[in-house]
Amino acid sequence: MRLNFLLGVCAVVMLAVAGVSCSKKGNDGGDGGVAIQPNGWMLISWNEDTTLSGRVYLELGTDRFTLYQQIGNLTSAGYVPYTGTCRMTADSENGTILSGAYSDGEPWAHSYRVESMTDTELWLVSLDEQIESVYERVVIPDYVKEAPVTLPSRSESVLPLL
């Protein structure tokens with residue numbers, strides 16, 4: 001169950017188009033203030049369960065992804081970054097499919113059907129096990145990106161979500 005949860009989170013990250021962007025946005029007609037735009041996705045539901053044991057963030061580019069997966073408990077947690085390549089393809093039977101591989105060449109455990117992708121929500125379903133994962137568009141916090149926890153590759157204790 002936990003492995004599937006992690007796999008779902010990675011899928012969401014891959015679907016989002018990554019990139020931190022700032023735009024000039026005035027509060028009253030153009031005062032030039034800077035507003036930070038969302039740059040990724042956060043897993044909010046795994047197989048209809050919203051009581052998740054940790055946080056997972058996903059950044060998606062046109063062909064690359066970064067998955068930030070929380071380890072430890074919520075008060076002393078760190079995030080392990082997983083990177084690699086991803087792609088979205090059209091499938092006549094399943095619609096849009098998201099799949100990928102980690103930077104060590106290992107493919108994701110699942111490929112995902114993109115059920116829905118809006119400005120605020122990403123909904124994925126694994127093709128083989130029909131596990132649903134729902135992501136919300138967010139700004140990934142700097143502390144998640146800037147202080148990664150390193151683990152040996154393919155650690156038995158922490159498997160990547162996707």
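Here is a short chat about a predicted model, going from its overall layout down to a few single residues.

Me: How many helices and strands are there in the protein?
Reply: Start at the N terminus and read along: the elements run α-β-β-β-β-β-β-β-β-β-β-α. An α sits at each end of that string, with the β elements in between. The tally is two helices and ten strands.

Me: In what order do the eight strands close into a barrel?
Reply: The pairing in the barrel is antiparallel, and the twist averages 35° from one strand to the next. You can check single steps, too: β3 and β4 pair over two bridges, while β8 and β9 pair over five. The barrel order is β3-β4-β5-β6-β7-β8-β9-β10.

Me: Which strand is joined to β3 by six bridges?
Reply: β3 also pairs with β4 (residues 56-60), where Trp-41 has Leu-58 as its bridge partner, but that pairing has two bridges. On the other pairing, Gly-40 stands opposite Val-138. The two strands there run antiparallel, and the partner with six bridges is β10, residues 132-138.

Me: How many of the residues of β3 are buried?
Reply: Across the protein's 162 residues, 41% count as buried. β3 is mostly covered. Out of its seven residues, the buried ones number six.

Me: Is Asn-39 buried or exposed?
Reply: Asn-39 sits in the loop between β2 (34-36) and β3 (40-46). A polar atom of its side chain lies 2.8 Å from the backbone nitrogen of Ile-140. Because its relative accessibility is 2%, and the cut-off is under 20%, Asn-39 counts as buried.

Me: And Gly-105, buried or exposed?
Reply: Gly-105 is in a loop as well, the one between β7 and β8. Its relative accessible area is 53%, and the bar for this class is over 50%, so Gly-105 is exposed.

Me: How far apart in space are Gly-105 and Gly-84?
Reply: Along the sequence, the two glycines are 21 residues apart. For the distance in space, go from C-alpha to C-alpha. That gives 8.0 Å.

Me: Which residues does Ser-126 touch, leaving out those up to four places away in sequence?
Reply: Ser-126 lies in strand β9. Its relative accessible area is 1%, so Ser-126 is buried. Its contacts beyond those sequence neighbours are His-110, Ser-111, Tyr-112 and Ile-131.

Me: Which residues touch the most other members in the largest nonpolar core?
Reply: In soluble globular proteins, nonpolar side chains tend to be buried together. Here the largest nonpolar core has 22 residues, and those touching the most other members are Leu-58, Phe-65, Trp-108, Leu-124 and Leu-162.

Me: Which elements give two or more residues to this core?
Reply: Keep this core apart from a second, separate one of seven residues, which includes Tyr-57, Tyr-79, Val-138 and Val-144. For the core of 22 residues, the elements are β3, β4, β5 (64-71), β6 (78-91), β7 (95-102), β8 (112-117) and β9 (121-126).

Me: What is the bridge partner of Met-117 in β9?
Reply: β8 and β9 pair in the antiparallel sense, over five bridges. Met-117 has its bridge partner in β9, and that partner is Leu-122.

Me: What share of the exposed area do carbon and sulfur atoms supply?
Reply: The protein exposes about 8700 Å². Of that area, carbon and sulfur atoms supply 49%.

Definitions and conventions. Residues are numbered from 1 along each chain as its sequence is written. This is a predicted model: local features need pLDDT of at least 70, side-chain atom pairs count only at pLDDT 80 or more; totals for chains, interfaces and linings use all residues. Side-chain values use heavy atoms; hydrogens and water are left out. Helices (H or I, at least four residues) and strands (E, at least two) are DSSP runs, numbered from the N terminus. Buried means under 20% relative accessible area, exposed over 50%, partly exposed in between (1.4 Å probe, protein chains only). A polar contact is a pair of N or O atoms within 3.5 Å; within protein, one must be able to donate a hydrogen and the other to accept it, and residues adjacent in sequence count only if both atoms are side-chain atoms. Two strands pair if DSSP finds at least two bridges between them. A nonpolar core is a set of buried Ala, Val, Leu, Ile, Met, Phe, Trp, Tyr and Cys residues joined through side-chain atoms within 4.5 Å. Accessible areas come from the Shrake-Rupley method with a 1.4 Å probe; for residues, only the protein chains shown count as cover. Contact means heavy atoms within 4.5 Å. Axes are lines fitted to C-alpha atoms, for helices over the stretch in contact, and angles run from 0 to 180 degrees between N-to-C directions.
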